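Reader: I should like to learn how to read the features of a protein model in order. May we take them one at a time, beginning with the chain as a whole?

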Amino acid sequence: MPTKKPKVFVVHLGCAKNQVDAENLVGEMLHAGFVTCDSATKADYILVNTCGFIEAAKEESINAILAQIKGKKAKQKLIVSGCLSGRYGEELIKELPEVDYWVGTYKPGELLKKMGIVAPQSCDAENLPRMNLGGFKHHAYLKIAEGCNRRCAYCAIPLIRGKQVSRSIDDIVEEAKSLEAQGVKEITLIAQDTTYFGREKGKKGGTLAQLLKAILDNTNIPWIRTLYWYPMFVDDELLDLMANEPRLVKYVDMPIQHASDNVLKNMKRNYRKKELVDILHKIRERIPGVTLRTTVLVGFPGETHEDFEELMELLQDIQFDHLGGFVFSPEEGTPVMEMDLPPVDESDARARLDAVTDFQEELDAERAEAMIGKKVRVIIDQVAEESEYHFYGRTEGNSMENDDIVKVLEGDADVGEFRDALVVDAEPHELIVSLLDN
């Protein structure tokens, strides 16, 4: 009789980079004879993939682990992976003995070795039956580098994931080809700093522009997106390529964090306001129709009211298409913890974040209203179950999970299909469209 295959249920938390780690980890398990299931109660193994970036994410991860411990059956095994366990593994092992296996950020073969399973041959990231945890067969994240060489004062990522290690262009292209063969229509290249791709290796590492050219030359994937750009490594070759290649979506996610020279210096961001403004205007000029997304951090120690006003002035000048805002969260081990800077009152920091959010919401509402009556190209992401709408999708200017959605009121299509549509109504963060005949 055939041996019963052990079932694994996955709980994933955190960013897209962490998601790719989990997909590769589960891919190893599938490669070794496991199968996935859709319920913790049916599983032999439960995998909780954690995030450890900021305090709120850490709390969410701990609560997810505790929830699985509470519901765990006698014979079930609990695995915890990801950034939280990588950062606090020794402490957590003592605090949570109910967890059977602890692994940190993804290292090929580590989990299987701890489980006493001999890793099958070719058990590496490029040869795995990656499980798509995003739930969309037509979209996949493709991680091009691990770690980060920036040592921003507030960020724990270098502590968790180390210095940048870029993959080879050949390996990335092979994975892109594999994803295309699986039916993927949009890939999102991710790293902590995609614009620094390959640069830590010197000339032999290549550049982001060279990588994008190689993917364009070796695949026919319709949409290729990149996250995240660091302001100091954007060159003319990259901008020209994005402007002239229709398969490179005209979308730039550049987390600026702040605009005051004082705060940028304390954050150890290695650029100043003038350089930042120049590169943002250059992107708008060189890539017509580009969508600009950013992230800002308020309440950083030492931030004054005048510093914050400088940030607001930049936001008013650039008028980003999408914006995410956060209040500073102190993280042990980060450089800021050694700095003698006055803390910002939490109520002041929250008020500053509210001001940023209110400004962006008004901008988003104006933009949405201006879209009514225009034609847009959309990708159909999913069927709109139990809704007055037929489908949900996105335009080129919206990344998966982070940005606005399109709601299809009229028309039929297949998931993963690209369609032209007419905007018939709009609200902030969503367009209502009717599909047009191809």
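Reader: How many positive and negative side chains does the protein chain have, and how far apart do the centres of the two sets lie?

Author: This is a predicted model, and the values that follow are computed from it. The protein chain has 53 positive and 75 negative side chains. The centres of these two sets lie 8 Å apart.

Reader: Why is the protein chain said to be as compact as a globular protein of its length?

Author: One compares the radius of gyration with the value that the globule rule gives. Here the protein chain, with 12 helices and 18 strands, has a radius of gyration of 22 Å, close to the 22 Å that the rule gives for 438 residues, so it is as compact as a globular protein of that length. Along its principal axes the C-alpha trace spans about 65 × 60 × 50 Å.

Reader: What share of the residues counts as buried, and what supplies the exposed area?

Author: A residue counts as buried under 20% relative accessible area. Of the 438 residues, 55% count as buried. The protein chain exposes about 20,000 Å², of which carbon and sulfur atoms supply 49%. As for contacts with a separation of 6 or more, 72% are between residues 24 or more positions apart.

Reader: Is Asn24 buried or exposed?

Author: Asn24 counts as buried because its relative accessibility is 6%, under the cut-off of 20%. Asn24 belongs to helix 1 (residues 16–31). Its C-alpha lies 8.3 Å from that of Pro108, although the two residues are 84 positions apart in sequence.

Reader: What is the strand order of the open sheet of five strands, and which pairing does it have?

Author: The order is 2-1-3-4-5, and the pairing is parallel. Strand 2 (35–36) and strand 5 (101–102) are the edge strands, each pairing on one side only. Strand 4 (residues 77–82) runs parallel to strand 5, and two bridges join them. Ile79 stands opposite Tyr101 in strand 5.

Reader: Which strands pair with strand 18, and in what sense?

Author: In a regular strand, side chains alternate between the two faces of the sheet. Strand 18 (residues 430–435) is mostly covered, with five of its six residues buried. It pairs with strand 16 in the parallel sense over five bridges, and Ile405 stands opposite Glu430 of strand 18. With strand 17 (residues 418–427), strand 18 pairs in the antiparallel sense over six bridges; there Val423 stands opposite Val433. Strands 17 and 18 form a hairpin with two residues between them, and His429 in the turn has a positive phi of about 80°.

Reader: Which backbone values deserve a second look, and where does a cis peptide bond occur?

Author: Most residues other than glycine have a negative phi, and most peptide bonds are trans. In this model a cis peptide bond joins Leu227 and Tyr228, with omega about 0°. Tyr228 lies in the loop between strand 10 (223–227) and helix 8 (236–244).

Reader: What is the phi of Gln319, and what is that of Glu401?

Author: Gln319, which is not a glycine, has a positive phi of about 55°. It sits in the loop between helix 11 (305–318) and strand 13 (322–327), and counts as partly exposed at 36% relative accessibility. Phi of Glu401, also a residue other than glycine, is positive and near 75°. Glu401 is placed in the loop between strand 15 (391–395) and strand 16 (405–410). Its relative accessibility is 54%, so Glu401 counts as exposed.

Key: Residues are numbered from 1 along each chain as its sequence is written. This is a predicted model: local features need pLDDT of at least 70, side-chain atom pairs count only at pLDDT 80 or more; totals for chains, interfaces and linings use all residues. Side-chain values use heavy atoms; hydrogens and water are left out. Helices (H or I, at least four residues) and strands (E, at least two) are DSSP runs, numbered from the N terminus. The radius of gyration is taken over C-alpha atoms; the globule rule is 2.2 Å times the number of residues to the power 0.38. Buried means under 20% relative accessible area, exposed over 50%, partly exposed in between (1.4 Å probe, protein chains only). Contact means heavy atoms within 4.5 Å. Accessible areas come from the Shrake-Rupley method with a 1.4 Å probe; for residues, only the protein chains shown count as cover. Lys and Arg count as positive and Asp and Glu as negative; His and the chain ends are not counted. The place of a charge is taken as NZ of Lys, CZ of Arg, CG of Asp or CD of Glu. Two strands pair if DSSP finds at least two bridges between them.
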